[in-house]
Amino acid sequence: MVKLELSIEAKNLKNVAGAFKGTSDPFAVVTQVATTADERPRVIGKTEIVKNNLSPHWAKIFTFEYQLGTPAKLAINIFDEVRKSDNKSMGSTVFEVDSLLSARGGTKTKKIRNGGTVTAVIRKSQGAGVLRFKMSGEGLKNQEGFLRKSDPFFELVRRDDTAGGATFNTVFRSEVVKDNLSPDWKQASIELSQLCGGNFDLPFFVKIYDHESDGKHESMGQFETTVNAMVQGAGNASIPVKLKGKDAGTVVLHKAELSLPQSTESSEEGVEEEMAQMSVSPSAIPRTANKPTFIDYVSGGCQLNVTVAIDFTGSNGDPRQPGTLHYLHQDGQLNDYEKAIMSILSILQKYDSDKKFPVLGFGAKYNGEIRHAFQCGTASEAVGVKGVLSAYRDVFGSGLVMSRPTVFNEVIEYAAGRAEQSLDAALASGGQTYSILLLLTDGCVSDIPATAECLKGIADKPISVVMVVSATVIFFCCSEVWHNIVILLSHASDRVWDRLTFRAWTFWTAWASRECGM
């Protein structure tokens, strides 16, 4: 289970306020859609209302838990707040969580039927604790002219450097103080995961605006700071505010305190109560190092490539006989190989941008010659799960003779070479890729020592081998980052292949000694 954060904004929404009633005041409701018959939709929460604005950037951040590999959809429903009547719909759309995670920068934009677009940004929630702070302004520059004074409020804006470039996300918005160039804002608090992702040295902006009733707020200046800088500088420290490079007043930081969790097992709902106040010295707070995870890589633009290899050796049995592993049912049922393809590839393809897969066979004879690596189907790459199933079935009309021995080396070396070429090409253009070989087989390999050496030989390649052996999935060459693939695929068994079990084994010989009696 992983904790995720979602932020949303909309652009060019249709005004539904009505004639002579001004501009709509939009807010959004986020609901997790039911994906099975026994589930119910769950409202995650709603944003603040943004007055008179058809392109709102809501500061509200939604936090929720997600199980890798399980289907999850988020419905975004936008409404115009109507005080003395029912709220009016401004449109809606649905985002798939896994699609968001695999998108460049974790960001996707969708059109809505009523007009306009909604952009969703998703990221892994990192860091724990709360920053409590209090600020006031002094001598801010007036934006209202001679007879009136500005109505200041401030925003905390986080910068995220993603594969799609730098993005700036508003994570907090203060109350408005009317007619005051020295506003005294209320004490506020924000989750550290939302503000800085647990990195106390990550710069963020404090942006001050003059509130306008038409939603077109005017900048009054800004400054850049960090959590560490706020904690060290708290206690009536004055921070200069700049507007277009010129002085525009100061902000006084009266208080900046951290509440950090005593235990990493604290629940989000009770985080405020379970955090003890902590006396923080002026010295900098060390940053906690976080190891990259599967989500970090795919949302950071890493492309996942999958190669499929299928065992056509004689030990699978005569494919014309019912009950054998390769028997092609005439009533639409799937055989064990087809179930494995459906079960696992349907999960992996969500993180493969082009959904094109090389499909290889091994262990069959063509024209009397044993082949340990041959193309399945007429195309070098099959498109989608249906394309892989079609390529698999085409083999049985190609004149093959199922044979022996069972040798994995050639398909492993082919996939590893392809993975290396793919990574080199991606790095040349500023990207990155990682590859998976999905190897489907019925049992023991003929030459275990040779296969062990082959696997050792690709240990430094950008690839993991996911092997399905008699309904058991075995993982080889998986780095710690890609251990998440085990979690990702383990949920396939609940939906498609109820006999699928999962084991992660480090060494080939360990698996061989158990499964083959070596």
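**Strand pairing, ionic contacts and burial in the predicted model**

In the predicted model, Phe 27 stands opposite Phe 79 of strand E5. This pair belongs to the antiparallel association of strand E2, residues 26-33, with strand E5, residues 73-80, in which the two strands are joined by eight bridges. Strand E5 also pairs with strand E6, which spans residues 88-96; the sense is again antiparallel and the pairing extends over eight bridges. Within this second pairing, Ile 76 has Thr 93 in E6 as its bridge partner. In a regular strand, side chains alternate between the two faces of the sheet.

The secondary structure of the protein comprises 12 helices and 29 strands. Of its 518 residues, 48% are buried. The exposed surface amounts to about 24600 Å², and 49% of this area is supplied by carbon and sulfur atoms. When contacts between residues at least 6 apart in sequence are considered, 68% of them join residues at least 24 apart.

An open sheet is formed by three strands in the order E22-E21-E25, with antiparallel pairing. Strand E22 (369-371) and strand E25 (401-402) occupy the edges; each has a single partner strand, so one side of each is left without a neighbour in the sheet. Strand E21, residues 364-366, is paired with E25 in the antiparallel sense through two bridges. In this pairing, Ala 364 stands opposite Met 402 of E25.

Ionic contacts were examined next. Side chains of opposite charge can pair when their charged atoms come close. The search of the whole structure identifies 16 salt bridges. One of them is formed by the side chains of Arg 123 and Glu 5, with an N to O distance of 3.3 Å. Arg 123 is located in strand E8 (residues 117-124) and Glu 5 in strand E1 (residues 2-11), so this salt bridge ties together parts that lie 118 residues apart in sequence. Both partners are classed as buried: Arg 123 has a relative accessibility of 12%, and for Glu 5 the relative accessible area is 1%. These assignments follow because buried denotes a relative accessible area under 20%.

A further salt bridge is found between Lys 350 and Asp 98, whose closest N and O atoms are 3.1 Å apart. Here too, distant parts of the chain are linked: Lys 350 is in the loop between helix H6 (336-348) and strand E19 (356-357), whereas Asp 98 is in helix H1 (residues 97-102), and the two residues are 252 apart. The accessibility classes of the partners are partly exposed for Lys 350, at a relative accessible area of 26%, and buried for Asp 98, at 4% relative accessibility.

In the salt bridge of Arg 418 with Glu 381, the closest N and O atoms are separated by 2.5 Å. Arg 418 is part of helix H8 (residues 409-428), and Glu 381 is part of the loop between strand E23 (374-375) and strand E24 (382-383), so the contact ties together parts 37 residues apart in sequence. Arg 418 is partly exposed, its relative accessible area being 30%, and Glu 381 is likewise classed as partly exposed, at 26% relative accessibility. Elsewhere, Asp 25, Lys 51 and Glu 81 are joined into one network by salt bridges that share partners.

The surroundings of Ser 174 were also characterised. This residue is situated in the loop between strand E11 (165-173) and strand E12 (188-191). Ser 174 counts as buried, with 11% relative accessibility. The side chain of Ser 174 reaches the backbone nitrogen of Phe 154 at a distance of 2.9 Å. When residues up to four places away in sequence are not counted, Ser 174 touches Phe 153, Phe 154 and Trp 185.

With respect to cysteine, the structure contains zero disulfides. Cys 196 is buried, at 2% relative accessibility. For Cys 376, the relative accessible area is 2%, and this residue is buried as well.

Definitions and conventions:
Residues numbered from 1 in each chain as written. Predicted model: local features only at pLDDT ≥ 70, side-chain atom pairs only at ≥ 80, totals over all residues. Heavy atoms only, no water. Disulfide = S-S within 2.5 Å. Buried < 20%, exposed > 50% of the residue type's maximum accessible area, 1.4 Å probe, protein only. Pairing = 2+ DSSP bridges. Helix = DSSP H or I, 4+ residues; strand = E, 2+ residues; numbered from the N terminus. Salt bridge = Lys/Arg side-chain N within 4 Å of Asp/Glu carboxyl O. Contact = heavy atoms within 4.5 Å. Areas by Shrake-Rupley, 256 points an atom, 1.4 Å probe, with all protein chains shown as cover. Polar contact = N/O pair within 3.5 Å; in protein donor to acceptor, adjacent residues only side chain to side chain.
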